[in-house]
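Take a moment to look over the chain before reading on. Let your eye follow it from one end to the other.

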Amino acid sequence: MKVFVSGSKRIDLPNCAFRTIDGYIERGYDFLVGDCHGVDKAVQQYLSESGVRNVTVYFSGISPRSNIGQWKVVALGNTELTGYDFYRLKDERMAADADCGLMIWNGESKGTAMNIDRLKSLKKSAEVIFVKSYEDVIATFVTRSVAYGAMYILPDGRMLDLSTLEYGHAEFCELLGKSPQELKESGWIRLNTKLKYVEKPGKITDAQADRLEETFAFMGERVPIK
């Protein structure tokens, strides 16, 4: 079985995408990938690091822009075509050669949307992982008031209400594609007003200090900052 992996150029792969790819690896799928930056290159990197050899890189032109694992290639090209039409050839060929697809989409990339449609028109399944941009994910949870439950306070003073997420901070990090340690190193304050704990990064900004005062007032006590 062959899976056609495609995705947007301007997103980072979330952890759920790596787990999904692992599933295809475990089931022995062959991977058909492109040579572009963004998702194509990130998937190539992961497959190379995972020691996967059953990969084929499709490209338009003289040579692939990226082939990290030095895998076999399929060259598509028509010197009479330019721009999008030139690169469209490889996407059409991958959709034709594949048995199914894994699309990692930010909801905006027209190329990925067209690949989803191509697979559907060929009566092939397309598993879609929808990925929002970093700032879009953050904007979804911004709150003006202190929440009862899991929260983050960003260095710029924005507060994020994670109380609606079943697994709180862990689920949010999954959505954002960042680890708790990465957010801590970026200066984010992790807290939970229900469980009454606050985890401090290396330095607290003035904006965060103001929000912490609001948080302590909400909880009715000044809890230790660990």
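The paragraphs below go from the core to a pair of helices and then to single residues.

Keep in mind that this is a predicted model. Start with the inside. In soluble globular proteins, nonpolar side chains tend to be buried together. Here the largest nonpolar core has 23 residues. Val-3, Phe-31, Val-33, Val-43 and Leu-47 have the most contacts inside it. Several elements give two or more residues to this core. The strands on that list are E1 (2–7), E2 (30–33), E3 (55–60) and E5 (100–105). The helices are H1 (15–26) and H2 (39–49). H2 gives the most, with 4 residues. Another core lies apart from this one. That second core has 14 residues, including Phe-141, Leu-160, Leu-162 and Phe-172.

Now go back to Val-3. Which residues does Val-3 touch, once neighbours within four places in sequence are left aside? Its contacts include Tyr-24, Tyr-29, Phe-31 and Leu-32. Val-3 is also in contact with Ala-98, Cys-100 and Leu-102, among others.

Next, look at the two helices. The axes of H1 and H2 come within 11 Å. They cross at roughly 55°. An angle from 35 to 65 degrees counts as oblique, so H1 and H2 are oblique to each other. The crossing of H1 past H2 is right-handed. H1 makes the contact with Phe-18, Ile-21, Asp-22 and Ile-25. H2 brings Val-43, Tyr-46 and Leu-47. Val-43 and Leu-47 were named above, among the core residues with the most contacts.

Turn to strand E1, where Ser-6 is found. Is Ser-6 buried or exposed? Buried means under 20% relative accessible area. Ser-6 has 6% relative accessibility, so Ser-6 counts as buried. Beyond its neighbours within four places in sequence, Ser-6 is in contact with Val-39, Asp-40, Leu-102, Met-103, Ile-104, Thr-112 and Asn-115.

Finish with Trp-71. Where is Trp-71 placed? Trp-71 is in the loop between E3 and strand E4 (72–76). Its relative accessibility is 5%, so Trp-71 counts as buried too. Leaving aside neighbours within four places, Trp-71 is in contact with Gln-44, Leu-47, Ser-48, Val-52, Arg-53, Val-55 and Val-57. One of these, Leu-47, also takes part in the contact between H1 and H2. The side chain of Trp-71 also reaches the backbone oxygen of Val-52, at 2.9 Å. Ser-163 is 92 residues from Trp-71 in sequence. In space, C-alpha to C-alpha, Trp-71 and Ser-163 are 45 Å apart.

Definitions and conventions: Residues are numbered from 1 along each chain as its sequence is written. This is a predicted model: local features need pLDDT of at least 70, side-chain atom pairs count only at pLDDT 80 or more; totals for chains, interfaces and linings use all residues. Side-chain values use heavy atoms; hydrogens and water are left out. A nonpolar core is a set of buried Ala, Val, Leu, Ile, Met, Phe, Trp, Tyr and Cys residues joined through side-chain atoms within 4.5 Å. Buried means under 20% relative accessible area, exposed over 50%, partly exposed in between (1.4 Å probe, protein chains only). Contact means heavy atoms within 4.5 Å. A polar contact is a pair of N or O atoms within 3.5 Å; within protein, one must be able to donate a hydrogen and the other to accept it, and residues adjacent in sequence count only if both atoms are side-chain atoms. Axes are lines fitted to C-alpha atoms, for helices over the stretch in contact, and angles run from 0 to 180 degrees between N-to-C directions. Angles under 35 degrees count as roughly parallel, over 145 as roughly antiparallel, 65 to 115 as roughly perpendicular and the rest as oblique. A crossing is left-handed if the near helix is turned anticlockwise from the far one by less than a right angle, and right-handed if clockwise.
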